[in-house]
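Here are my notes on this one, point by point. Have the model open while you read.

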Amino acid sequence: MTLAVQAGLWRRPDYDVADLGELEDICLREAHALGLAPPPVAFHLVPAEVVYDVASRGLPGRYSHWRFGQSYEQMKNDYDRGRSRIYELVVNTRPAHAYLLDGNSLVAQLLVIAHVLGHAVVFEESRYFEPADKGFLPRVRAAAERIDAYMSEVGRTVVEDFVDDCQALATAMPLAQLGKTYEEELSTDAPRRFDELFPDEAAARRRRADEEREAMRRRFPRNPEADVLGFVMKHARGLEDWQRDVIGIVREEQLYFSPQLQTKIIHEGMATWTHNAILQRLLLDSADFVEYQRLNASVTQPHPFSLNPYNVGWAIFRELERIAERPDDDERERWEWAGGGDAIGQILRVIEGYDDVALVSEFLTPKVCQLAKLYAWEHDARDARRLVISSREAEEVRTSLLAGIVNGGLPTVEIVDADHAGRGELLLAHRAEGVGLDAEYAKGTLAHLARLWGKPVVASSVAGDGSPVWYRAAPDGAPETLTTLDS
Amino acid sequence: MAVVRDSVLPADRGRRDARHHHERVRRQIGDHLRSKIGEEDIITAGPEKRIRVPVRGERRYRFVHDRGQGGVGQGEGEVGQGTAPQPGGEPGEPGTEPGEVMYEVVLDLDEVEEILFAELGLPRLKPRRSLEVTSEDVRFDDIARVGPLVDKKATLRQNLLRNAKAGAARVGGIEKDDLRYRSYRETPQPRTQAVVICMMDVSGSMGAREKHVSRLFYYWTVQFFRRQYTRVEVVFVGHTSEAFELDEHEFFTRKESGGTLVSSAYRLAQSIQRDRYPASAWNVYVLHTSDGDNLATDNPGTVALVREHLEVANLVGYLEIASSGLGPRPGRLSTALEAAGVDGLVIAHASDDREIWSALKTIFARDGVAEAVAA
């Protein structure tokens, strides 16, 4: 979770951690008064080097890789030149860890602390974060040490390239996979205790197991497997121990990020709602109030041709609040809690049970669309590089937005056969649902996968005109696009 | 909880990974740098000059939906209103073509040279006495009983040792016997030195373009030599129908009228080398740039002098700067030199500043070194 704001603030650098501790107490007091119970958060006041290190890795203490260095440098340069700055970072652990950028104005720190408490509430209440391991950081650090050791054994570049191979497939994982370890479920024909009493059932079960075993002989995996990294880690031949370990590390760390992809609007909406609710309860003097308003406006400024989750999320949560307190007749009819006055209770219920898809499906109302000035856009039919506003109707905006966030906005590509054409090649299928894969990126991704699998890999999808298409890559050699598939 | 001023994280990890990124980028920016070496402003701004190099980012491949899907945006605007064509970004972002992620890498001249010169080499050195020339590297890392510099720590330790032997392990009562001095060791260091004799036609036929190419060629040549040898001396010889030694400024700015006799330059270079840079102590490199004009009757004499130079020089190189459009002309110096088939003479051509790199690569070919090492 990051909150980036255009820079150019006035600063009041003469504060210390005790002052910030007081701000935290104030925010907690107000949060409790609002009816929120954020879990404990450890705030770290750190220099830009640390903030941007954590921001570039996504997790404090994560392994070393040149790509992190690249984004570190870009963010740090933007900061050094005053173009933008990150105000906060929260890590979902217990306690949660949050980083405050040393040198920010006190009002900015106040806003960030309040904002972080909103994130912490989501981490605590949302069922999407229930399986998350709150003691994850020591494992992240241990993994970083192992990767360092592999680098000194086989060379930095070899390990970095291998991590790249894994990262290309990391997002190809069902979001629902969180917390599950990779395993195949198989029917069993092992005798059970009451088999003698139910001979027919036992026979049927044995028959089913036989059939499955037979099907396995013909095709493996038995069911399409969406956990590509998990499957490769377990079944790829010719991987070294360190390579299997690295696949496991990348896969596990991705599982930390997955629920955040799924709840971006909820997270930023709640955090923005919380910092506004808290700061509006405080009696800021006029200069501080202006500063707060300016910061908030810059966080929530609308983005042309993309979605600002801070803005849209905040608009939805404000609407939830209003519907709970001052609904119109339609709303009263639609939601039984409307007009009940328990705004916080309803907000917490939404946080607990909804992901972004559910939130948008139910609460992206015409009023929210108006409030957030939302529109749907399409590519110009004549020049695809031009983007054109196609509609401001709530229905179409919602459809368009949902297409971008279902499954984190990512296509579902599953392994359907691990021994394609009897040559040990990996066959994947893209569940296209009308939209194909970007060919260039599909081929690039498959090239990574082929290096992991050690043999050629093929993925089926649909082309722009709806006809079937296959992308194929071998561990060495250029990937290709096929219009027919030999089997 | 509380607010603490710490992170439990080492503060330099981001920078370290950024350095790994730089190393990776270095390997792919050579091409771009080579196209830049014809740019005057790189070399005029001095060593603190930073050079911005646009780099194509390595794509982060993953499965993404085909571009062409729409999306949502926020703000003002009428339905039907559109943007200007968007530059490409990563797919899935607004923008349409999955284009290149471009960013800038900033290098200082030192880094630029390091990357560039990794591709250049020098011919195998001739065995010569210069390699036995040594300087003494002096290090104060020894202790002695005599000397000008008292080493307090060693003296106190000696005093303590002596007292301990006497039965009382304490410091005190320092006597002359306890005094220890810092001393130095001399380590013989091989020192290498080279002289680069730069010759150029400064007659009227050399235009501004030819001189520009020549100047850049010599600039990078000298920079290259400075990285190869601890001591480099550069001699500038200009010539028309006669030759004269010039300082660097004169060399690149002087314009003389008169004909062209290339042999005059080679002859002057030879006498300078014999007088001041004996081959027994110096690695000698003889380089010549011209537009190819020479009095035809002078060519045989020039060839003979080139052969004489090659007896002592590590390398004799000739860069002919002439529009490629003109094609090879029989009267050209390069044609005459090539026809003479002088073993060890390297001839390169450049028609404009974009070809300086290939000229440098021809003259300072890396293969020669590789072979020499393999042999």
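1. Let's start with the fold of chain A. Its secondary structure adds up to 18 helices and eleven strands. Chain A has a radius of gyration of 25 Å, close to the 23 Å that the globule rule gives for 487 residues, so it is as compact as a globular protein of that length. Keep in mind throughout that this is a predicted model.

2. A bit more on chain A overall. The C-alpha trace spans about 75 × 65 × 60 Å along its principal axes. Of the 487 residues in chain A, 44% are buried. If you take the contacts in chain A between residues at least 6 apart in sequence, 71% of them join residues at least 24 apart.

3. One helix pair in chain A deserves a look: H5 (residues 137-154) and H6 (residues 156-170) of chain A. Their axes are 6 Å apart, and the two helices pack at an angle of about 130 degrees. That angle makes H5(A) oblique to H6(A), because it falls between the 65 to 115 range for roughly perpendicular and the cut-off of over 145 for roughly antiparallel. On the H5(A) side the contact is made by A:Ile147, A:Tyr150, A:Met151 and A:Val154, while H6(A) brings in A:Arg156, A:Val158 and A:Val159. Sorted by class, this contact has six nonpolar residues, no polar ones and one charged.

4. Now the interface. On chain A, 81 residues are in contact with 51 residues of chain B. Which helix gives the largest share of the side of chain A that touches chain B? That would be helix H3 (residues 66-80) of chain A, with seven residues. By class, the side of chain A that touches chain B divides into 42 nonpolar, 25 polar and 14 charged residues. For the model as a whole, the scores are ipTM 0.86 and pTM 0.70.

5. On confidence, please check chain B. Its pLDDT averages 79, and 79% of the residues score at least 70. Among the elements of chain B, helix H7 (residues 262-276) has the highest mean pLDDT, 95, and helix H11 (residues 366-374) has the lowest, 44.

6. Two stretches of chain B should be flagged in any figure. Over residues 90-100 of chain B the pLDDT stays under 50, and the model has 38 contacts beyond four places in sequence for this stretch. Residues 129-133 of chain B also have pLDDT below 50, with twelve contacts in the model beyond near neighbours in sequence.

Note on methods. Residues numbered from 1 in each chain as written. Chains lettered and ligands numbered in written order. Predicted model: local features only at pLDDT ≥ 70, side-chain atom pairs only at ≥ 80, totals over all residues. Axes fitted to C-alpha atoms, helices over the stretch in contact; angles between N-to-C directions. Helix = DSSP H or I, 4+ residues; strand = E, 2+ residues; numbered from the N terminus. Parallel < 35°, antiparallel > 145°, perpendicular 65-115°, else oblique. Contact = placed C-beta atoms within 7 Å. Nonpolar A, V, L, I, M, F, W, Y, C, P; charged D, E, K, R; others polar. pLDDT = per-residue confidence, 0-100. Rg over C-alpha atoms; globule rule 2.2 N^0.38 Å. Buried ≥ 20, exposed ≤ 12 C-beta atoms within 10 Å, placed from the backbone.
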